Each structure stands twice: as C-alpha cells, then as structure tokens.
Amino acid sequence: SSSSSDFFPSIGGRTEIMKVFITRRIPQEGMKILSQAGVCKVSLWDSDEPVPRAELLKGVEGAHGLLCLLSDKIDTEVLDAAGPNLKVISTLSVGFDHMAMDEIKKRGVRVGYTPDVLTDATAELTVALLLATARRLPEGVVEVKNGGWSTWKPLWLCGYGLSGSTVGVIGLGRIGMAIARRLKPFGVKRLLYFGRTAKSYAAEVEGEYVPLDTLVSESDFVVVSCALTPETQGLCNKDFFSKMKNTAVFINTSRGAVVNQEDLYQALSSGQIACAGLDVTTPEPLPTDHPLLTLKNCVVLPHIGSATYSTRGIMAELSANNLLAGLQGTDMPSELKF
C-alpha cells in the first residue's frame, strides 16, 4: 500500500483526507501524477493480478475516488461498500461495460475513461490480427518449428487477401473508423458498415451504411468494433455466422460477450466460415482447455489491443488526471457523459 501527501478540505470545521483506492499496479506515469498532486491519500492493491472481491470491497470503504480496470466489476455492492464519500470513478479503459452505469448515475458519481488515446494502438492490433488470421501466420510459425515445412507447395498455407475485397465494420466509432482508414490502402474495394446511425465521417473511407444482414452476407472480412451493450450482447451468433461466406474472415477486438463462442466454434469447425481472430473472449482469460483453442483456424490473443508502452503510459496519465479532476470538482480531461 502506497500513500502520498494528504489534502485536508475543511468540511464543517473538521478536516478530511481525500481517500483514493487503485485496484491494481498501473504504469508509473499515472502513479507519479497522483503522488505529486498532493491532494489525496492513495491505497493500492499492489499486484499485477486482479484484486480479490473481498479486498476490493474493503479497499473502497469510505473512498472519495476509485481508479479501476476493465477486469473489476463495479456494481451496486461495490458502490455501497464505498459509501457516500465516493465522488469519482476513473477507469483505465475506453469500455465501461464492467460498471453499473445506472447505479453510478443515481448516486451522482462522475466517471472518467480513456477514449482516443488508445484508438491508434487498438486499430493497429486489429489490422495485425486480421492479417495474421487471414494469412495463417500462427500456423506458419508452428509448421516451421515442428518440421512441417518440407518444400514450397502451390496451395500450402494459402489464405485470403484484402486486395479487391469487401470489408464490413460493425461499429464505425473511433476505433472502427481508425481500422477502416488503415484497411482502405490495402486495396479494399467496398467498405460496408453497420451501427445505430449512419456516420457523416464515413465518407472519408467511402463507407456504405448497410443493414446488418447485408454486411454479414456480402463481406469477405467482418470486423467487430462496437461497444458491448444489451443490443450487441450475443450479436454474433449461429444465425449471424450462417449468413457469412464460407471464405469469410471474422475478427473481434471489441468485447468477448458480443460473440456467442459456442456458435463461433460450430461455424469454424464445420467450415461455415474460413477463420476467426479474437483479441477478446468470455471469460478472460479463456481457459486453456477451451474448444476454440483446439482449432487451427482460430487465432486468440490475450486482450492486447491497446498494449504499446506509450499507449498504456498515456492511459495511466489520463486516468490519474480524470481522477484528480473528479476529486477537486473541476473539468475532467475525458469524462463519460451518460
């Protein structure tokens, strides 16, 4: 447990220390900002592993601020444990499906998050995963190592290319758009997208707003980059995969729960779709004996979308600054308005 100098706002003649709980070790850039601000006493779950539930409930007790990760479930129980002091929750993520937003709103607690700063890194990883999956890179690496590489063969390890293809993006938000911008120069012929509304900025990538059925049935590459909401939960299911081309590539870097993994397994093992690349799963981590991990045509990464040194450092800074603003009642660099 680390602590910094304390800030004593005078409340009704008595002084009170602003208490902050951080649910995990975060990059030094963020810790430095909090300790130098001198406005709060920080207690930290000093580990690289997630905080156990009991420790989380204990740690938030009486806290004015909470800095959490996407692996922490911030529900009514946690909010109750924190009590009436809680002013701000700052999450080291752009997604907020791990937080009970209705309850948080009810209590007038402000929420900070980290959009924009991780857009490029996540889009880059999505493109890397798409190419690795479609061109069978992990399979190729294994073949080289296990002696499966005998000679050059015309059809060995053949995959699918982007040139002249149709790409469908589900969720053309910040990250979806950044993915589209990067894929376009590979010679993509049509860029389809689906979401709640048509986006004016889609014109920049010549994006066509189409119904979901059209996107799924006409795309050679289906890329999921939407937020997890009640509407998108289990969106990619048996019905969805049955409409995809047999030669189509499915990529998900949003949230695992958007996909029905049993249905995906069936689609991949039966040849209904060609291959899939996932950076997100349910649960995370995915158990090592999960059926998806037995398939050669499924590439699974351990949720590393935003994992560049620079991006993670900037995310830590932003979440620290969001937290401080919430404690002091000032404008937050990235406040979630809901």
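These legends walk through several close-up views of a predicted model.

**View 1. The two annotated domains, one set inside the numbering of the chain.** UniProt, in an unreviewed entry, lists "domain: D-isomer specific 2-hydroxyacid dehydrogenase catalytic" for residues 20–335. Across that stretch, helix makes up 34% of the chain and strand 15%, with 18 Å between the C-alpha atoms at the two ends. The record, again unreviewed, also places "domain: D-isomer specific 2-hydroxyacid dehydrogenase NAD-binding" at residues 127–305. Here the figures are 28% helix and 16% strand, and the end C-alpha atoms sit 10 Å apart.

**View 2. Strand β12 and its buried side chains.** Strand β12 covers residues 249–252. V249 and I251 point one way, while F250 and N252 point the other. That fits the usual pattern, as side chains in a regular strand alternate between the two faces of the sheet. Whichever way they point, all four of these β12 residues are buried.

**View 3. β12 with its partner β11.** Strand β11 (residues 221–224) runs parallel to β12, and four bridges pair the two. One spot to look for is V224, whose bridge partner in β12 is N252. To get from β11 to β12 the chain passes through helix α9 (residues 238–243), making a β-α-β crossover that is right-handed.

**View 4. β12 with its partner β13.** β12 also pairs with strand β13 (residues 275–278), again in parallel and again over four bridges. In this pairing V249 faces C275 of β13. The connection goes by way of helix α10 (residues 261–269), and this β-α-β crossover is right-handed too.

**View 5. Helix α7 under cover.** Helix α7 takes in residues 174–183, and seven of its ten residues are buried. The buried ones are I175, G176, M177, A178, I179, A180 and L183. Who does the covering? Among the elements packed against those buried residues are α5 (119–134), β8 (166–170), β9 (190–194) and β11.

**View 6. A salt bridge from α7 out to a loop.** R181 and E204 meet through their side chains in a salt bridge, at 2.7 Å from N to O. R181 belongs to helix α7 and E204 to the loop between β9 and β10 (207–209), so the pair ties together parts that are 23 residues apart in sequence. R181 is partly exposed at 39% relative accessibility, whereas E204 is exposed at 52%.

**View 7. The nonpolar cores.** The largest nonpolar core gathers 50 residues. I22, I26, L34, C40, V167 and L183 have the most contacts inside it. Helix α11 (residues 309–328) supplies the largest share of this core, with seven residues. A separate core of 29 residues lies apart from it, and F250, L264, L268 and C298 are among its members. L183 has already turned up as one of the buried residues of α7, and F250 as a buried residue of β12.

**View 8. D75 and R53, a salt bridge across the sequence.** The model holds 21 salt bridges. In one of them D75 joins R53, with the closest N and O atoms 2.7 Å apart. D75 is in the loop between β5 (65–68) and α3 (76–82), and R53 is in helix α2 (residues 53–59), which puts the partners 22 residues apart. D75 counts as buried at 18% relative accessibility, while R53 is partly exposed at 31%.

**View 9. K106 and E103, a salt bridge within one helix.** The closest N and O atoms of K106 and E103 are 2.9 Å apart in this salt bridge. Both residues lie in helix α4 (residues 101–106), three residues apart, which is about one turn of the helix. An α-helix has 3.6 residues a turn, so residues three or four places apart point the same way. The two ends of the bridge still differ in exposure: K106 is exposed, at 66%, but E103 is buried, at 17%. The pair is also part of a wider network of salt bridges linking D80, E103, K106 and R107.

**View 10. M31 and A316, from opposite stretches of the sequence.** M31 has its place in helix α1 (residues 28–37) and, at 14% relative accessibility, is buried. Its C-alpha atom is 7.9 Å from that of A316, although 285 residues separate the two along the chain.

How values were computed:
Residues numbered from 1 in each chain as written. Predicted model: local features only at pLDDT ≥ 70, side-chain atom pairs only at ≥ 80, totals over all residues. Heavy atoms only, no water. UniProt positions renumbered as here; feature names shortened; annotations may be inferred. Buried < 20%, exposed > 50% of the residue type's maximum accessible area, 1.4 Å probe, protein only. Pairing = 2+ DSSP bridges. Right-handed = clockwise from strand over helix to strand, strands pointing away. Contact = heavy atoms within 4.5 Å. Core = buried A, V, L, I, M, F, W, Y, C linked by side-chain atoms within 4.5 Å. Salt bridge = Lys/Arg side-chain N within 4 Å of Asp/Glu carboxyl O.
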